[in-house]
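Q: I'd like a close look at how one part of this model packs together. Keep it informal, but walk me through the geometry and the contacts behind it.

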Amino acid sequence: MSFMLLEINPLVLPDIGLVFWNTVAFLLLLVVLGKFAWKPILKAINDREQGIEDALAKADKMKSELAAMQSENEALLAKAREERATLIKEAKETADKMVAEAKEKAKAQYDAIVADAQVAINQQKNAALTDVKNQVGALVIEVAEKVLHKELSNKAAQETYINELAEGVKLN
Amino acid sequence: MTFRSIKSLLVKTFSVFSLLLATQAFAGENHTPATPEAGAVAPVTAEAHGAKKEGDFNVTETILEHIKDDHSWHLWGHNSLHLPVILKTSKGFEVFSSEKLVDEHHEPVVYKGNFDYKLIEGKTKIVDAAGNVDEEASKQLWDFSITKNVASLFVSVLILLVVLLTAAAAYKKTGVKSAPKGLQSFMEPIILFVRDEVAVPNIGAKKAGKYMPFLLTIFFLILTNNFLGLIPFFPGGANVSGNIAFTMTLAVCVFIVVNLSANKSYWEHIFWMPGMHWSMKLFLAPIELIGVFTKPISLMIRLFANITAGHILVLSLICLIFIFKTVFASAIAVPFAVFIGMIELLVAFLQAFIFTMLAAMYIGMATEEHHHDAHGEAAHH
């Protein structure tokens with residue numbers, strides 16, 4: 001009898017009682033732990049891992065964003081520098097131009113003033129000379145009159161003579 | 001005479017000490033089966049009860065006593081926990097204390113319930129008035145008793161529920177942002193180990209999540225019972241994971257899960273191996289079909305044999321003291337028993353791991369997506 005053969009070694013003959021209670025215990029564990037232990041624990045572990053992954057990805061993204069921002073900043077700075085250089089250059093040019101213009105204008109004015117002054121001087125000089133001439137003439141006449149008064153009786157003849165002489169005297 | 005008593009006392013002290021260290025309690029009041037030779041051979045019982053028949057010591061019987069299931073659970077000294085006996089007979093269910101099946105000397109006696117019950121070699125049988133086993137009536141007897149193994153199993157279930165529900169509550173309390181603490185941080189690496197070393201490599205990351213609760217439950221149940229079996233005194237001391245009924249139940253669960261989750265290509269590879277000549281297909285089908293059953297059977301036998309072998313080894317070493325009948329044998333027996341006990345700790349973890357690993361592997365094989373194109377092309381060339 002095979003049943004007797006199994007009975008020879010009771011170690012390999014499963015007891016129905018233990019099989020039954022073990023099935024009950026295992027199913028109970030599977031259901032209770034599955035619902036109240038494994039599910040929340042595995043979910044928490046997954047969530048944490050997901051969180052770490054997300055955080056790392058975010059950090060990487062931030063890093064690349066920061067790098068992009070930095071390069072953008074540098075570009076902006078370079079542009080600003082360039083603009084500044086251009087502005088300075090332009091300002092200098094304008095300033096130079098203004099100075100040059102001012103100089104030119106000043107020179108023109110100066111020239112005009114000098115020319116005016118020259119004309120005025122010449123006029124004054126001529127007027128003065130004429131005046132001197134006239135005064136010298138009058139003096140000469142007076143002196144000559146006094147001299148000639150004694151020598152010349154004819155006044156008219158004397159004047160003609162003096163004028164002739166005076167014509168001959170050219171100051172210029 | 002004085003020398004003899006001192007020697008006997010020393011033997012007892014050493015044996016108790018070494019047993020506490022390395023193996024199950026050598027419960028002196030373990031019932032002795034009513035085999036014909038039991039009276040003559042009188043195992044440990046006689047030794048512990050004042051060395052009446054010190055010369056007669058049956059090693060095999062003593063060891064098997066400790067490997068096998070029992071209706072009482074030894075607590076300490078002469079105190080044992082008498083567990084309830086639950087019987088289903090043709091006259092319905094019957095519940096009574098196992099105390100009624102043994103007398104004060106732990107010898108089996110007849111209990112008169114709906115039938116006359118008596119323990120024959122540790123198993124409850126129906127006997128007739130003359131005390132002979134009534135085979136016909138015994139076949140109708142279903143024993144659902146809370147035995148030592150069942151009670152120990154319940155203890156392990158309780159431990160698992162308390163430990164794991166506490167750990168799960170910690171996740172709820174501290175949330176996922178903070179690092180695990182205490183019990184939670186002790187359990188998490190084990191759970192991660194099962195997920196990352198057992199489930200994911202064998203089943204694949206996509207499908208592993210579905211089988212994780214099953215694999216984790218199996219792993220922790222085996223692990224807890226393996227460790228409880230190594231504790232020589234009360235909360236432990238039972239040999240649950242070294243019992244064929246326990247390993248069989250788990251193996252059947254694996255068998256059911258594997259075959260329920262098996263996909264079409266798995267069955268195709270069993271009954272009509274693709275890419276083979278038709279004669280080869282016919283040849284392979286029965287072999288593959290046998291493989292479906294040998295897988296869970298190997299799971300069942302591996303765990304049972306490993307744990308039982310470990311217990312037998314430790315008990316054998318301790319029994320050396322009684323075989324040589326000298327206290328000096330303990331100088332060798334005890335260190336060896338401690339050494340084997342250490343190895344058993346490793347085996348306890350290893351066997352739980354291997355059982356779960358192979359279960360995951362079988363599930364992986366059943367759910368794997370095969371690429372038939374490769375087979376088809378191979379056949380054409």
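A: First, a bit of bookkeeping: a helix here is a DSSP run of H or I at least four residues long, numbered from the N terminus. With that in hand, A:Asp54 falls in helix α2 of chain A, which covers residues 16-151. Its relative accessible area is 44%, so A:Asp54 is partly exposed. Along that chain, A:Asp54 and A:Phe36 sit 18 residues apart in sequence, with 27 Å between their C-alpha atoms. Bear in mind that this is a predicted model.

Now for the part I'd zoom in on: helix α12 of chain B, residues 329-367. As background, chain B holds 13 helices and 8 strands, and 50% of its 381 residues count as buried. Among contacts in chain B between residues at least 6 apart in sequence, 64% link residues at least 24 apart.

Start with the partner α7(B), which spans residues 182-203. The axes of α7(B) and α12(B) come within 7 Å and cross at roughly 30 degrees. Angles under 35 degrees count as roughly parallel, so α7(B) and α12(B) are roughly parallel to each other. Their crossing is right-handed. On the α7(B) side, the residues involved are B:Phe193, B:Glu197, B:Val198, B:Ala199, B:Asn202 and B:Ile203. They meet a set in α12(B) that includes B:Phe349, B:Phe353, B:Met357, B:Ala360 and B:Ile363, along with B:Gly364 and B:Thr367. Sorted by class, that contact comes to 10 nonpolar, 4 polar and 1 charged residues.

The other partner is α11(B), residues 278-324. Here the axes come within 10 Å and cross at roughly 175 degrees. Anything over 145 degrees counts as roughly antiparallel, so α11(B) and α12(B) are roughly antiparallel. The residues in this contact split into 21 nonpolar, 6 polar and 3 charged.

What joins those two helices? B:Lys325 lies in the loop between α11 and α12 of chain B. Its phi is positive, about 55 degrees, although B:Lys325 is not a glycine. At 36% relative accessibility, B:Lys325 is partly exposed. A little earlier in the chain, B:Leu320 belongs to helix α11. B:Leu320 is partly exposed as well, because its 24% relative accessible area is not under the 20% cut-off for buried. Setting aside neighbours within four places in sequence, B:Leu320 contacts B:Ala329 and B:Ala333. For a sense of distance, B:Leu320 and B:Ser145 are 175 residues apart along the chain, and their C-alpha atoms are 34 Å apart.

Finally, how does α12(B) fit into the nonpolar interior? The largest nonpolar core has 81 residues, and those with the most contacts inside it are B:Ile191, B:Phe214, B:Leu215 and B:Phe220. α12(B) contributes 14 residues to this core, the largest share. Apart from this core there is another one, of 12 residues, among them B:Leu87, B:Leu101, B:Tyr111 and B:Ala137. Back in the largest core, B:Ile191 is worth a click: leaving out residues up to four places away in sequence, B:Ile191 touches A:Trp38, A:Ile41, A:Leu42 and A:Ile45 from chain A, plus B:Met212, B:Leu216 and B:Phe220 from chain B.

Note on methods: Residues are numbered from 1 along each chain as its sequence is written. Chains are lettered from A and ligands numbered from 1 in the order in which they are written. This is a predicted model: local features need pLDDT of at least 70, side-chain atom pairs count only at pLDDT 80 or more; totals for chains, interfaces and linings use all residues. Side-chain values use heavy atoms; hydrogens and water are left out. Axes are lines fitted to C-alpha atoms, for helices over the stretch in contact, and angles run from 0 to 180 degrees between N-to-C directions. Helices (H or I, at least four residues) and strands (E, at least two) are DSSP runs, numbered from the N terminus. Angles under 35 degrees count as roughly parallel, over 145 as roughly antiparallel, 65 to 115 as roughly perpendicular and the rest as oblique. A crossing is left-handed if the near helix is turned anticlockwise from the far one by less than a right angle, and right-handed if clockwise. Contact means heavy atoms within 4.5 Å. Ala, Val, Leu, Ile, Met, Phe, Trp, Tyr, Cys and Pro count as nonpolar, Asp, Glu, Lys and Arg as charged, and the others, Gly among them, as polar. A nonpolar core is a set of buried Ala, Val, Leu, Ile, Met, Phe, Trp, Tyr and Cys residues joined through side-chain atoms within 4.5 Å. Buried means under 20% relative accessible area, exposed over 50%, partly exposed in between (1.4 Å probe, protein chains only).
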